[in-house]
Amino acid sequence: MSEWGIRGSMEYEVSYTVLRPPVVHGRDLPALGYTSSDPESSPIEWQQKDLLEVHILYWISNAVNFFAVYLTIPASCDGFATGKIRLGELEVAQITTFKSLWSLSPSHGKPKGVTFYSPEGIPDGFFCLGHYCQSKDLPMRGFVLVARELHKQELSDLPALKKPWNYSLVWSADSQHHGPGYIWLPNSPTGYRAMGFLVTNTPIEPSVNDIRCVRVDLTDTCEACDLISDTDFWVWSSRPCRRGMFYRGVSVGTFFCSSYVTSEYDVLTTACLRNQDPLLHAMPNLSQIHAIIQHYGPTLYFHPDEIYLPSSVQWFFENGALLYKDGESDGQRIDSKGSLLPQGGFNDRKFWIDLPNNDDKRDQLKRGNLESAELYVHVKPAFGGTFTDIAMWIFCPFNGPATLKVGLANISLNRIGEHVSDWEHFTLRVSNFNGELLSIYCSEHSGGRWVDASTLEYINGNKAIIYASKCGHASYAHPGTYLQGSSKLGMGVRNDVDKSELFVDSSTKYKIIAAEYLRNVVEEPCWVNYMREWGPTVMYDAFSEIDKIVNHLPRIFRFSMENVLELFPTELYGEEGPTGPKEKDNWFGDERW
C-alpha cells in the first residue's frame, strides 16, 4: 500500500503495510492506518521517492498504553511483504477486513457461536474465492485470499479462473438472534474446483459473478482442521493435505462445512491453491530474514530452578564431548566445528555422542553454559511459500530427571528421564504478504500447538516470551505446570515453566544454519548433517522407582504396577539417544498440529 505526498521541496512516498492489531487483555486495539495528509502528524514514516525500505507496523501493549512499532525490512520490488504473491498463472492478495454476514448462536448448552464473513476491500481485478468463518469469542485474526489471472501460460488453453455454473444450497438455519442464514457451494465447470462456500441471509441464490472457481491443475487437495463449530452443523478451517517445505499447497483461508463429521482421510469438496512458481519469489532473502528475527525474535526463559542450562554446540564440543563408534570402547574428541562427525546418510545407530568420562568434566558439561547459548535458525517455506517458518532450535548438553505428580504429592526421580543432549525448538510463522507474525509453534511435550500472536506475552516491544520447561526444556507459551499423563487423575510427569534471570534473547543470539530455498546462500555447519545420535541409549529401572508412586497413591487408586506405568510417557522407561534437528520430521515437514 502506498501514498504519495510533497514535503518541503522533495517528493516522498510512504510505503507501509497496515497490520490488524491483536486483542490485548481482552480489548481490541484501535485500527492502525494512515489518515492524515500531513506527514508531520502521520503515524507513517515518510521516505524519499527512491524507496529503500518497507515499514511494517505492529501494535504492542505496554501497560495501558498502546504504540506502534516499525519493522524495517530491506525492500524488494517483487517479493516478500509486497502485498501480493504470484503463484504462476495466478496472483493472490490477502484480505483481512471483513463484513459480517450472519451469526449462528450456540444451542443445546454449547458455549460458542460462529460468525460468517465476506471479504471487503478486494483490489480491482481480483475475485473472491470463498467466505470466512470464525468463532465469535476470538479476536479477528483470519484472512482469505482473493485472486486474479496473470498472463497466459502454456499449461492449458483454459482460463485460470471461471465463474461457477450455479450453486447448491448445502445448509440453512434460523438463528434465534440473527435470523436465517444460507450456505452455498459453487457448482464448478468441468475441469475447475471451488475454493470455498458463500453465505447469505436470504434464500435467493447468489450471483455467479460473486465468486470464481480455479482450474484444477492450479489447485491441491485440502483437509478439514481446527473445528470451529459443531452447533447442529459442522464447520472447520481447512488446510492443504500435504504440508512442508517441498509441498506447494496454499491455504485460501476459507472454511469447510458438512452435516456430518469428517475425518482427515476424507477428500473435501473444496480445494486449496497450488503455487506453480518454482522460485517461490515471495520468500524473504537473507537480509530480510535477519530483519525479521531481530524484530520478532522471542526471549526464551528457563525455570528459576533450572540446573541443566543450554550452551552453544561449539562450547559442548570444545569442552570434552566424545564421539563413539559401535564396537570401539574409546571415544574421540570432537573438534569445535564438528568436522569429525560422520555426514549425511541416516541413523544407523553405529555412532553416538557422550560426555567425557572424568566426573568433574562430565558435571561441567551437564550444567551447560548460558553465556555461549544461541538459537539455531532453520528458515523454510510454509503453505507453498505464502508463509515463512522460522524454526529456532536450542541445544542443552543434558536433559535432567523427571518429577512425577501423584495427587498432591510430587516425587523427584533419581535418573528416570535423564539423557545426554537435548534438542528443543519453537517456530515463528510469518506472512509473506505483509511480514506479520501470525503465530508461534511451541513444541511442548506429548505434542505441540500453534499459539496465535495475539495471545502471546511480549517483552521489549513486540518480542514474544517463550518458556522452557524445567529439566526437559520443551517450549511453552505461558507459565505454569503442564502434566504429561492423566490430568483427570492428577498423575503424570510435571513440566514446570516460569520466568527467571536465566534467558536467551533469540533476536540477538542466533545463528542461521539452514535455508535451503536460498540455494547455497547459507552454509550448513558440519554438525547439522550428523544424522546419528547425540547421546547414548539409556535404559531405566522404572519398576524399582515405581514403588514410590504406588506408596503415595490413595488406597482407592492403587492399581497394579502395570496400570500405573501406563499412565506415564514411554520415555520414562528408556530412550534411544536423541537425534539432531535435521533428523526430526518437522525439518522437512510441517509441525504437528
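**Exercises on salt bridges and a small sheet**

The side chains of Asp590 and Arg243 meet in a salt bridge, with 2.9 Å from N to O, in what is a predicted model.

**Exercise 1.** Work out which parts of the chain the pair Asp590 and Arg243 ties together, and whether each residue is buried or exposed.

*Solution.* Begin with the location: Asp590 lies in the segment after helix H6 (585-588), while Arg243 belongs to the loop between strand S23 (234-240) and strand S24 (249-250), so the pair ties together parts that are 347 residues apart in sequence. Next, compare the accessibility with the cut-off for buried, which is under 20% relative accessible area. Asp590 has 14% and is therefore buried, and Arg243, with 16%, is buried too.

**Exercise 2.** Describe the salt bridge between Lys582 and Glu524 in the same manner.

*Solution.* The side chains of Lys582 and Glu524 come together at 2.9 Å, N to O. Lys582 sits in the loop between strand S46 (574-575) and H6, and Glu524 in the loop between strand S44 (510-514) and strand S45 (538-539), so parts that are 58 residues apart in sequence are tied together. Lys582 is buried at 13%, whereas Glu524, at 24%, is partly exposed.

**Exercise 3.** Find which strands stand at the edges of the open sheet S10-S11-S13.

*Solution.* First read the order, S10-S11-S13, in which the pairing is antiparallel. Strand S10 (98-104) and strand S13 (132-135) each have a single partner strand, so one side of each is left without a neighbour in the sheet, and these are the edges. Finally, look at the pairing of strand S11 (residues 114-119) with S13, which runs over 4 bridges, and where Val114 stands opposite Ser135 in S13.

Technical notes
Residues numbered from 1 in each chain as written. Predicted model: local features only at pLDDT ≥ 70, side-chain atom pairs only at ≥ 80, totals over all residues. Heavy atoms only, no water. Pairing = 2+ DSSP bridges. Helix = DSSP H or I, 4+ residues; strand = E, 2+ residues; numbered from the N terminus. Salt bridge = Lys/Arg side-chain N within 4 Å of Asp/Glu carboxyl O. Buried < 20%, exposed > 50% of the residue type's maximum accessible area, 1.4 Å probe, protein only.
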